[in-house]
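Got the model open in your viewer? Follow along stop by stop, selecting as you go.

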Amino acid sequence: MVSARPPIHVVSRNLLSLVVKPRPRKLSRAVEEAFIRLHDEGVIYRSTRLVNWSCTLNSAISDIEVDKKELAGRTLLPVPSYKDKVEFGVLVSFAYKIDGSDEEVVVATTRIETMLGDTAVAVHPRDPRYQNLKGKFVVHPFCNRKMAIVFDEFVDMSFGTGAVKITPAHDQNDYEVGLRHNLEFINIMDDNGFLINVPEPFLLWWGHRTPAYFVTVDDPAVPAGEDADDKYWVSGQTEDIARQKAAKRFNVSLDRISLRQDEDVLDTWFSSGLFPFSIFGWPDEVYLHAIVRDAHGRKMSKSLGNVIDPLDVIFGITLEGLHAQLLDSNLDPVEIERAKAGQKSDYPVGIPECGTDALRFALCAYTSQ
């Protein structure tokens with residue numbers, strides 16, 4: 001229910017003070033009367049609804065004050081309180097496991113952060129890919145919350161995977177779906193934009209969490225281990241696999257094993273070193289290619305200043321933009337000038353927007369070396 005603030009009338013304002021006085025009673029009377037009539041007629045009513053909320057102003061914003069912007073793809077936009085522009089419009093896909101099976105359903109979203117408030121997955125009733133999922137549920141990976149797979153005609157079968165995550169408390173379309181299917185509404189952000197109602201324990205990991213587990217054995221014949229003793233550490237793709245390894249190592253049953261996963265993360269160089277393999281599907285499949293070199297046959301290297309960001313091939317970049325990247329590097333000033341000269345020679349007008357296919361073809365071409 002909308003509540004009216006005490007009306008004020010500004011008389012004067014300077015740097016030191018703001019003088020106000022109440023508006024005439026007749027004006028307040030009109031506001032009260034209008035509110036009461038509209039409430040009695042059901043035009044104004046109390047309900048929990050979505051609003052446009054500004055974390056900077058800490059206030060709701062009316063629809064007419066909001067400028068909506070349709071994004072065709074990755075776009076950098078200014079956000080209050082942020083020095084640099086923030087990335088929007090990137091479609092991210094991730095998988096939800098089907099409850100009670102090894103199947104999974106992949107959903108696509110541009111709002112990956114709201115997955116903590118997901119309460120359902122929606123597909124189109126006539127989508128042949130998902131007819132076998134009627135009456136089934138997916139399981140949230142962080143809190144084991146079971147979420148219904150609902151069939152709703154608002155889903156665009158041609159967009160992404162055709163399966164959509166539903167966050168009723170943080171999206172208008174999802175809100176309507178939540179009402180139609182009687183879904184749970186979970187608010188995951190406070191007035192300042194910070195996460196709340198996050199499943200405990202919930203940690204944010206910078207990098208890939210180490211898939212290693214410390215073993216505790218509930219058996220008097222097995223002495224307690226120490227953190228530095230590698231014998232009491234096992235690793236596995238899942239906790240179940242690690243538990244099986246531990247049970248075999250200490251020759252006890254599975255129910256005697258307790259595991260604690262390492263809270264540390266792998267150095268980012270570890271994952272980045274695997275990138276040429278993981279991007280092509282390793283360990284399930286491997287695609288190897290030759291060393292990527294520049295136009296002069298030199299190995300692309302940060303120390304040479306001849307590295308090209310693949311995103312710059314996809315989206316394009318000006319010569320000035322290439323020069324700016326060198327200034328953010330750790331190159332010696334002399335090397336920076338040499339690298340600038342090389343960029344000016346190789347890319348006199350910068351790199352035009354080539355798209356993803358051109359990048360793929362270029363990388364594939366290196367296999368002929």
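Start with Asn 144: at 61% relative accessibility it counts as exposed, because the cut-off for that label is over 50%. Keep in mind throughout that you are looking at a predicted model. Asn 144 sits in the loop that links strand 10 to strand 11. Check its backbone too: phi is near 55°, a positive value in a residue that isn't glycine.

Now jump to Asn 251, in the loop between helix 3 and strand 15. Its phi is also near 55°, again positive in a non-glycine residue. Is Asn 251 buried or exposed? With 70% relative accessibility, Asn 251 counts as exposed.

**The six-stranded sheet**

Next, colour strands 7 to 12. These 6 strands make an open sheet, and reading across it the order is 8-7-10-11-9-12, with mixed pairing. Strand 8 and strand 12 (163-166) are the edge strands, each pairing on one side only. Look along the sheet and you'll find a twist that averages 40° from one strand to the next. As a reminder, strands of a sheet pair through backbone hydrogen bonds, either parallel or antiparallel.

Zoom in on strand 7 and strand 8. They pair in the antiparallel sense over 6 bridges. To see one pair up close, select Ser 93 and its bridge partner in strand 8, Ala 108. The two strands form a hairpin with 5 residues between them, and Gly 100 in the turn has a positive phi of about 80°.

Then move over to strand 9 and strand 12. How many bridges join them? There are 4, and the strands run antiparallel. Ala 122 is a handy landmark here, standing opposite Val 164 in strand 12.

**The nonpolar cores**

Switch on side chains for Tyr 96, Val 105, Val 138, Ile 149 and Ala 163. Of the 19 residues in the largest nonpolar core, these touch the most other members. Strand 7 (92-98), strand 8 (104-109), strand 9 and strand 11 (146-151) are the elements giving two or more residues to this core. A second, separate core has 16 residues, among them Tyr 232, Val 234, Phe 250 and Leu 259.

Go back to Val 105 and show its surroundings. Setting aside residues up to four places away in sequence, Val 105 touches Phe 94, Ala 95, Tyr 96, Ile 98, Tyr 130, Leu 133, Val 138 and Ala 163.

**His 124**

From strand 9, step into the loop between strand 9 (120-123) and strand 10 (137-139), where you'll find His 124. At 5% relative accessibility His 124 counts as buried, because the cut-off is under 20%. Put a distance label on its side chain: a polar atom there lies 3.0 Å from the backbone nitrogen of Arg 126. What else is His 124 in contact with, beyond its neighbours within four places in sequence? Select Gln 131, Phe 151, Asp 152, Glu 153, Val 155, Met 157 and Gly 162 to see those contacts.

**The three-stranded sheet**

Now hide that region and bring up strands 13, 14 and 15. Here 3 strands form an open sheet in the order 14-13-15, with antiparallel pairing. Strand 14 (233-235) and strand 15 (257-261) are at the edges; each has a single partner strand, so one side of each has no neighbour in the sheet. The twist in this sheet averages 40° from one strand to the next.

Strand 13 (residues 212-217) and strand 15 run antiparallel and are joined by 5 bridges. Pick Thr 216 and you'll see Ser 258 of strand 15 opposite. Then add helix 3 (residues 239-250), which lies across strand 13, strand 14 and strand 15 and runs at about 130° to strand 15.

**Helix 7 and the cysteines**

Scroll along to helix 7 (residues 319-327). Which of its residues are buried? Leu 319, Gly 321, Leu 322, His 323 and Leu 326 are. Show helix 6 (310-315) and helix 8 (333-346) as well, since those are what the buried residues of helix 7 pack against.

Last stop: the cysteines. Don't hunt for disulfides, as the structure holds 0. Select Cys 143 and you'll be looking at a partly exposed residue, with a relative accessible area of 28%. Cys 354 also counts as partly exposed, at 37% relative accessibility.

Definitions and conventions: Residues numbered from 1 in each chain as written. Heavy atoms only, no water. Buried < 20%, exposed > 50% of the residue type's maximum accessible area, 1.4 Å probe, protein only. Polar contact = N/O pair within 3.5 Å; in protein donor to acceptor, adjacent residues only side chain to side chain. Contact = heavy atoms within 4.5 Å. Disulfide = S-S within 2.5 Å. Pairing = 2+ DSSP bridges. Axes fitted to C-alpha atoms, helices over the stretch in contact; angles between N-to-C directions. Core = buried A, V, L, I, M, F, W, Y, C linked by side-chain atoms within 4.5 Å.
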